[in-house]
Amino acid sequence: MRTFVGAELAEKAEADQIALDAGATVFHAPDPKDGPLSPGRRLVPLADLPHPLLPPRISRATVASLMLDEAQTSGHGGAIVVPLS
């Protein structure tokens, strides 16, 4: 994470904490790509995410759909989740 975010890592962590304290769901999306909505889309708690050799990729449409689903159902409020397809 430090490689990609660098000096902003502390600010990102602080922003995440503010959102979590307010009961929001924080998304840590993998590499976005163009593509269709994935029928196997799901949210995985960050703590339960397996650590693959290469980072997963996900379509922007799938991330947007999962964000809308979470906004409507709020199943992970106050947690950090990773959208996967």
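Is Ser-38 buried or exposed? I looked this up first in the model, which is a predicted one. Ser-38 has a relative accessible area of 13%, and the cut-off for buried is under 20%, so Ser-38 counts as buried.

Next I looked up where Ser-38 sits. I found Ser-38 in the loop between β2 (31–33) and β3. Its side chain reaches the backbone nitrogen of Gly-40 at 3.3 Å. I then set aside the neighbours within four places in sequence, and found Ser-38 in contact with Thr-62 and Ser-85.

Thr-62 led me to helix α3, since Thr-62 is one of the buried residues of α3. I noted that α3 runs over residues 60–73 and has 14 residues. From its first C-alpha to its last, α3 reaches 20 Å, close to the 20 Å expected at 1.5 Å a residue.

Which residues of α3 are buried? I listed Thr-62, Val-63, Ser-65, Leu-66 and Glu-70. Seen down the axis of α3, these fall within an arc of 165°, so they line one face of the helix. I recalled that an α-helix has 3.6 residues a turn, so residues three or four places apart point the same way. The buried residues of α3 pack against β1 (26–27), β3 (42–45), β4 (57–59) and β5 (80–84). On the face turned away from the buried side I found the exposed residues Leu-68, Ala-71 and Gln-72.

Last, I checked what follows α3. Ser-74 comes after the helix, in the loop between α3 and β5. Ser-74 has a positive phi of about 45° although it is not a glycine. I noted Ser-74 as partly exposed, with a relative accessible area of 48%.

How values were computed
Residues numbered from 1 in each chain as written. Predicted model: local features only at pLDDT ≥ 70, side-chain atom pairs only at ≥ 80, totals over all residues. Heavy atoms only, no water. Helix = DSSP H or I, 4+ residues; strand = E, 2+ residues; numbered from the N terminus. Expected span 1.5 Å × (residues − 1). Buried < 20%, exposed > 50% of the residue type's maximum accessible area, 1.4 Å probe, protein only. Arc of directions from axis to C-beta. Contact = heavy atoms within 4.5 Å. Polar contact = N/O pair within 3.5 Å; in protein donor to acceptor, adjacent residues only side chain to side chain.
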